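This report describes the confidence, aromatic pairs and salt bridges of one protein chain. Please consult the sequence and the structure shown below while reading.

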Amino acid sequence: MNHVKIDVPMALMLTLSLSASAQIQHASLKTVPVMETGGKDMPDEWIDQDTHHKVIRLSRKEGSNASFYFHNNPFIGNKMVFYSTDKAGKQIHTVDLKTLQTEQVTSQASPMSGEIVGKKSKKVYYQIKDSIFATNIDTKKTELLFVFPADFKASVTTLNADETLLGGVWSSDAEKEIFRQNPNKSDYFNKIYEAKLPRTLFAVDLKTKQIKKLFTDSAWLNHVQFSSTDPNLLMFCHEGPWHKVDRIWTINLMNNEIKLMHKRTMDMEIAGHEWFSPDGKTIWFDLQQPRSTNFFVGGTDVKTGQEKKYSLTRDEWSIHFNISPDQKLFAGDGGDPGQVAKAKDGMWIYLFRPNGDHFDAERLVNMKHHGYKLEPNIHFSPDGKWIIFRANFEGESQVYAVEIAKS
């Protein structure tokens, strides 16, 4: 009898607890509206009515805000670095991905450029004119790291894995003049490629404050990225019309060995928008064989050169692709009908699951109200549960995240 007297109220308490939990979950679902993505006066979070995935706005501050380019790591611990343009001009901010609290990191009076973070040092690196600075995201302490000499004005774009080198590319005054006279990409793109002017890859040693000139070529060297794990491996591309170039290359800083990472195998084949896998073992890229006909995400093993590829449909092709921290999932930011794929229904944020030689695609966000002149540039969150992107479907650029699990 004593056992029965104790067990009955415990069961009753458990029933009440489960009932209360269900009520809380039901109430929580009620507070997140199911609605079309896009338009003014959107709430801070909603469920996309077409995909049933939850979308939240990360940049909950005034003005336009933008996340980093797809292959530039924006994460330091659980904070994401982004930049904004408001009354204070372009400045670096962070958002805590758990609390959604936003903090301003920089207060620079002059225009700044750069999307480089050091995960270990907790610093964000940027450039103002000929000077490179770093600001700690916690202490907000700012250091002047390096000033380019008068005879070597250049820009940095990447930080190596042990945070000892910044990398970039130098270009000639003649090339800068072509850019100045032709500010639109449609005007300068072929002109720069055809000019065959010299460019020089370099690294800035953050300890010695010296420039190391690595490689010079009469080609449009671009898209410079250090390996995510090997501090001595630098990737770069031969920029230009993709069907005319063998684009993806690496240079080993220990022995200056240069390797082509993907050789075109047919007329009009293109490969580009390359990035390193989280473990540094693979370089992934958009692959079309030939251009605008058959679509893949390709990958080359950095050490062996062995390649693999996953096919996807025309509508699933994306301007940029990315891979999850555990390297089991891919994502894409879609594209409008004016892009190379000429997709009729490609304006979506996509999740891709590898399945044999192809991707199984899932649509996460309907981007029909987004203007694709602003490229979404997707990133997986550090925990792999969200995909972060930028969009202008509210009228100005903001940073959002969509949950991979369905709501």
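## Confidence of the model

The chain has a mean pLDDT of 92 (the predictor's confidence in each residue, from 0 to 100), and 92% of its residues reach 70 or more. Over residues 1–29 the pLDDT is below 50, and this stretch has zero contacts (heavy atoms within 4.5 Å) beyond near neighbours in sequence.

This is a predicted model, in which local features need pLDDT of at least 70 and side-chain atom pairs count only at pLDDT 80 or more, while totals for chains, interfaces and linings use all residues. Residues are numbered from 1 along each chain as its sequence is written, and side-chain values use heavy atoms, leaving out hydrogens and water.

## Aromatic rings

The count of aromatic pairs is 25. Rings of Phe, Tyr and Trp (its six-membered ring) pair if their centres lie within 6.5 Å; planes under 30 degrees apart are stacked, over 60 edge-to-face, and the rest tilted. Phe215 and Phe236 form a tilted pair, with 5.8 Å between centres and 40 degrees between planes.

Ring pairs also join Trp284, Tyr310, Phe321, Phe330, Tyr350, Phe352 and Phe359 into a cluster.

## Salt bridges

The model has 19 salt bridges, each a side-chain nitrogen of Lys or Arg within 4 Å of a carboxyl oxygen of Asp or Glu. Glu362 and Arg353 form one of them, at 3.0 Å from N to O. Glu362 is buried at 17% relative accessible area, whereas Arg353 is partly exposed at 38% (buried is under 20%, exposed over 50%, partly exposed in between, with a 1.4 Å probe and protein chains only).

A network of salt bridges links Lys79, Glu103, Lys122, Asp138 and Lys140.
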